[in-house]
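Biologist: Hello! I am new to this structure and would like to learn how to read it, one feature at a time. Could you show me the model, please?

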Amino acid sequence: MKEQVKKTKTIEEQLTSQKIAKAASKAGVYTFLGVMALLMIIPFYWMLATSLKSLEEIMRSTPTLFPESLRWSNYVDVFKEVDLGRYILNTLIVSGASTFIGTFLSIALAFALSRLNFKGREVIFMILLATMMIPGEMMVLTNYITVSNFGWVNTGSGSKVAFGPYYAMVIPFLVSIFHVYLLRNTFKQIPNELYYAAKVDGTSDWKYLWKVMVPMAKSSIITIVILKLMGAWNSYVWPNLVAGGSEKLITNGLRDAFTDAGTGMTQQHLQMAATVIVTLPLLLLFIFFRKYIMSGVSRSGIKG
């Protein structure tokens with residue numbers, strides 16, 4: 001009887017120690033995640049707080065954590081100071097064209113590499129994957145020379161071709177190999193029996209792609225659309241090289257519009273207000289479609 005009581009106490013002690021260890025581990029994980037989340041939120045908070053301050057308050061030697069008075073008028077002054085609407089329109093045109101055409105091409109290429117049987121398919125796919133190892137910065141020079149020869153670059157006096165800078169900002173980066181890889185993995189998870197059954201019924205490859213595969217890969221396609229849109233919306237270096245004047249994108253416009261060329265003084269309160277206006281659409285887009293992003297990445301077989 002005493003031995004049973006001892007065994008029972010031992011088991012209870014073990015269970016208690018396991019619960020304590022589990023609770024400590026969970027507390028450590030949540031503490032780490034909380035600290036990392038705070039580090040991520042601080043820049044966004046600083047951007048928002050700066051957008052509501054006056055320039056005098058910003059220029060003080062001792063920065064303030066909270067605005068002394070909320071200056072919502074900064075958001076109105078942004079549109080008075082620069083043609084923000086034009087920059088946003090340019091960005092919408094470039095990002096919209098890049099996203100629509102780029103997604104279409106990625107879907108078509110991923111379908112060919114995952115479903116169609118032709119000689120050299122795997123070799124072509126491996127070559128495409130190998131290009132992902134090339135840093136994007138190394139392609140800037142060759143791309144710039146190419147678009148310059150086509151007359152698409154705005155050299156300060158305009159471009160030789162009408163709407164040339166728009167072509168230069170869209171065409172060189174239409175297809176992303178990562179997006180093709182993501183879609184190909186998703187398409188390969190669709191059973192081959194569906195394809196064979198569709199071929200028996202006389203369905204063409206084109207119809208099978210859009211009627212069967214695209215709906216089943218909806219999550220991955222939405223992920224690609226969002227990533228493509230965000231990449232085009234936030235692009236800075238390349239548009240800064242090929243576009244100028246009224247063809248600038250919002251990222252380049254925000255960098256140059258609020259800086260005095262003579263003194264180098266930056267109107268940080270207006271710059272941050274404009275940045276909030278530009279960041280908000282992407283933030284809302286991620287919030288509303290985050291479940292599709294997570295689902296699309298998980299279905300493609302990518303971990304992390």
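Modeller: Gladly! One term comes up throughout: helices are DSSP runs of at least four residues, numbered from the N terminus. Please also keep in mind that this is a predicted model.

Biologist: How many helices and strands does the chain have?

Modeller: There are 14 helices and zero strands. Read from the N terminus on, the elements are therefore α-α-α-α-α-α-α-α-α-α-α-α-α-α.

Biologist: What are the mean pLDDT of the chain and the share of residues that reach 70 or more?

Modeller: First the general idea: where pLDDT is low, the predicted coordinates should not be read in detail. Here the mean for the chain is 82, and 89% of the residues reach 70 or more. Among the elements, α4 has the highest mean pLDDT, 90, while α14 has the lowest, 77.

Biologist: Thanks! Let us take one helix. Which span should helix α11 have?

Modeller: Helix α11 covers residues 218-234, which is 17 residues. At 1.5 Å a residue, α11 should span 24 Å, and its end C-alpha atoms are indeed 24 Å apart, so the two agree.

Biologist: And which residues of α11 are buried?

Modeller: A general point helps here. An α-helix has 3.6 residues a turn, so residues three or four places apart point the same way. In α11, the buried residues are Ser219, Ser220, Ile221, Thr223, Ile224, Ile226, Lys228, Ala232 and Trp233. Over the whole chain of 304 residues, 34% count as buried.

Biologist: Now the pockets. What volume does the largest pocket have?

Modeller: The idea is that rolling a probe the size of a water molecule over the atoms shows where empty space is left. The largest pocket has a volume of about 1,000 Å³. Its lining has 30 residues, and Gly136, Asn143, Pro172, Phe173 and Val175 lie nearest the centre. Two or more lining residues come from each of α4 (84-114), α6 (138-149), α8 (177-188), α11 and α12 (237-242). Helix α11 gives the most, with four residues. By class, the lining has 20 nonpolar, eight polar and two charged residues.

Biologist: Which elements supply at least two residues of the lining of the second largest pocket?

Modeller: Those are α11, α13 (250-257) and α14 (268-299). The largest share, seven residues, comes from α14. This second largest pocket has a volume of about 340 Å³. Its lining has 15 residues, with Phe44, Asn234, Val278, Thr279 and Leu282 nearest the centre. Nine of the lining residues are nonpolar, five are polar and one is charged.

Biologist: You mentioned α13. Is aspartate 256 buried or partly exposed?

Modeller: Aspartate 256 lies in helix α13. The partly exposed class runs from 20% to 50% relative accessible area, so aspartate 256, at 35%, counts as partly exposed. Aspartate 256 is 10 residues from threonine 266 in sequence, and their C-alpha atoms are 9.1 Å apart in space.

Biologist: How many aromatic pairs are there?

Modeller: Rings pair if their centres lie within 6.5 Å, and the count comes to 12 aromatic pairs. One of them joins phenylalanine 125 and tyrosine 181, which are stacked at 6.4 Å centre to centre, with 15 degrees between the planes. Phenylalanine 125 is in helix α5 (residues 121-130) and tyrosine 181 in helix α8, so the pair ties together parts 56 residues apart in sequence. Phenylalanine 125 counts as buried, at 7% relative accessibility, whereas tyrosine 181, at 26%, counts as partly exposed. Elsewhere, ring pairs link Phe104, Trp206 and Trp210 into a cluster.

Notes. Residues are numbered from 1 along each chain as its sequence is written. This is a predicted model: local features need pLDDT of at least 70, side-chain atom pairs count only at pLDDT 80 or more; totals for chains, interfaces and linings use all residues. Side-chain values use heavy atoms; hydrogens and water are left out. The expected span of a helix is 1.5 Å times one less than its number of residues. Buried means under 20% relative accessible area, exposed over 50%, partly exposed in between (1.4 Å probe, protein chains only). On a 1 Å grid over the protein atoms alone, a cavity is a set of points where a 1.4 Å probe fits but cannot get out, and a pocket is an open set with protein on both sides within 12 Å along at least five of seven lines; lining residues have an atom within 4 Å of a point. Grid points are joined across faces, edges and corners, and a volume is the space filled by probe spheres set on the points. Ala, Val, Leu, Ile, Met, Phe, Trp, Tyr, Cys and Pro count as nonpolar, Asp, Glu, Lys and Arg as charged, and the others, Gly among them, as polar. pLDDT is the predictor's confidence in each residue, from 0 to 100. Rings of Phe, Tyr and Trp (its six-membered ring) pair if their centres lie within 6.5 Å; planes under 30 degrees apart count as stacked, over 60 as edge-to-face and the rest as tilted.
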